[in-house]
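Let's take a relaxed walk through a protein model. Have the sequence and the 3D view open as you read.

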Amino acid sequence: MSAEKCLAKGSAAPGPVPKDYIRVYSMRFCPFAQRTRLVLKAKGIKYETINVHLKEKPDWYLKKNPFGLVPTLETPAGEVIYESAITCEYLDEVYPEKKLLPSSPFAKAQQKMMLEHFSKVIPYFYKIPMDRKKGEDVSGPEAELKEKFAKLNEDLVNKKTKFFGGDSITMIDYMMWPWFERVEAYQVKQFLDGNPELKKWTELMLQDSAVKATMFSPDAHKAFFKTFLDGNPDFDYGL
């Protein structure tokens, strides 16, 4: 169940969430919203998608999420949850089948600390292509991102596991994945070279059914990201 095209300012608010479903307000190319869609798919939760125009946000959406960002979840009872990490943890608690977060409080805290570290990596994916487009020297940010990729690679080496939380995919892998899906669009794919464990992790992630169900091709990501860099993002690209 999906309203593919973005709903913009002036659009009618969608009706109640259908019984036994959860609704995710999303944008097709948003990596933060993809986190939530990955968890919904991985856990086999029945959901419908409403895409939101992030430059011309509907008034009804701002009443649900005053930040005006995606993702946002809404339940049939009208409960609203937003912020990607919060929505994903909520889904893991409310739908306990196929838990993605560890049960051990320490292991769970470790995943949250990893996520906090990764949050410091995310800005580089945007800064490098944006600065390059402006003709600025990006050697500094590139060196810093290369160092951060090396640290992630080292983490996998030290853990001796296929994924960041063990030998099967857990929440932290889904939290990180969307940015690695977009390395070509962000023009940073070369930094995977020299980091064999990290590269192997990306290849394993590409085999996952939830990843396959939510991903776009590198060409689609590149095309959308170009419109984003040009200042006029085409949220409905490809429809």
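## A threonine in helix α10

With a relative accessibility of 19%, Thr-227 counts as buried, because the cut-off for buried is under 20%. Keep in mind as you look around that this is a predicted model. Thr-227 belongs to helix α10, which covers residues 218-229.

Which residues does Thr-227 touch, once its neighbours within four places in sequence are left aside? They are Asn-232, Pro-233 and Asp-234.

## Where α5 meets α10

Now stay with α10 and bring in helix α5, residues 122-133. The axes of α5 and α10 come within 11 Å, and they cross at roughly 60°. The two helices are therefore oblique to each other. As for handedness, α5 passes α10 in a right-handed crossing.

Who is doing the touching? On the α5 side you'll find Tyr-126, Pro-129, Met-130 and Lys-133, and on the α10 side Phe-225, Phe-228 and Leu-229. Sort the residues of this contact by class and you get six nonpolar, no polar and one charged.

## Where α5 meets α6

Helix α5 also packs against helix α6, residues 139-159. How do we describe a pair like this? Two packed helices are described by the angle between their axes and the distance between the axes. For α5 and α6, the angle is about 155° and the axes are 10 Å apart. That angle makes α5 roughly antiparallel to α6, because angles over 145 degrees count that way. Here α5 passes α6 in a left-handed crossing.

From α5, the residues in this contact are Tyr-124, Phe-125, Lys-127, Ile-128 and Arg-132. They meet Pro-141, Glu-142, Glu-144, Leu-145, Lys-148 and Phe-149 in α6. By class, the contact has six nonpolar, no polar and five charged residues.

## Two covered strands

Next up are strands β2 and β3. Strand β2 takes in residues 22-26, and it is mostly covered, with five of its five residues buried. In a regular strand the side chains alternate between the two faces of the sheet. You can follow that pattern in β2, where Ile-22, Val-24 and Ser-26 point one way and Arg-23 and Tyr-25 point the other way. The residues on both sides of β2 are buried.

Strand β3, residues 47-52, is mostly covered too, with six of its six residues buried. One side of β3 has Tyr-47, Thr-49 and Asn-51, while the other has Glu-48, Ile-50 and Val-52. How many bridges join β2 to β3? There are five, and the two strands run parallel. To spot the pairing on your screen, look for Tyr-25, which stands opposite Ile-50 in β3. Another pair to find is Ser-26 with its bridge partner in β3, Asn-51.

## The loop before β3

Just ahead of β3 you'll meet Lys-46, in the loop between α1 (31-42) and β3 (47-52). Is Lys-46 buried or partly exposed? Its relative accessibility is 46%, so it counts as partly exposed.

Not counting residues up to four places away in sequence, Lys-46 touches Asp-20, Tyr-21 and Ile-22. Ile-22 is one of the β2 residues you've just met. There's also Lys-19, which is 27 residues from Lys-46 in sequence but 10.0 Å from it in space, C-alpha to C-alpha.

## Two more buried threonines

Thr-75 sits in the loop between β4 (72-74) and β5 (80-82). Its relative accessible area is 6%, so Thr-75 is buried. Leaving out residues up to four places away in sequence, Thr-75 touches Val-17, Ile-22, Ile-81 and Tyr-90. So Ile-22 turns up again: it is in contact with Lys-46 and with Thr-75.

Our last stop is Thr-202, found in helix α8, residues 196-205. Thr-202 counts as buried because its relative accessibility is 9%. Its contacts, leaving aside neighbours within four places in sequence, are Trp-177, Phe-180 and Leu-192. Finally, look for Glu-181: Thr-202 and Glu-181 are 21 residues apart in sequence and 8.1 Å apart in space, C-alpha to C-alpha.

Key: Residues are numbered from 1 along each chain as its sequence is written. This is a predicted model: local features need pLDDT of at least 70, side-chain atom pairs count only at pLDDT 80 or more; totals for chains, interfaces and linings use all residues. Side-chain values use heavy atoms; hydrogens and water are left out. Axes are lines fitted to C-alpha atoms, for helices over the stretch in contact, and angles run from 0 to 180 degrees between N-to-C directions. Helices (H or I, at least four residues) and strands (E, at least two) are DSSP runs, numbered from the N terminus. Angles under 35 degrees count as roughly parallel, over 145 as roughly antiparallel, 65 to 115 as roughly perpendicular and the rest as oblique. A crossing is left-handed if the near helix is turned anticlockwise from the far one by less than a right angle, and right-handed if clockwise. Contact means heavy atoms within 4.5 Å. Ala, Val, Leu, Ile, Met, Phe, Trp, Tyr, Cys and Pro count as nonpolar, Asp, Glu, Lys and Arg as charged, and the others, Gly among them, as polar. Buried means under 20% relative accessible area, exposed over 50%, partly exposed in between (1.4 Å probe, protein chains only). Two strands pair if DSSP finds at least two bridges between them.
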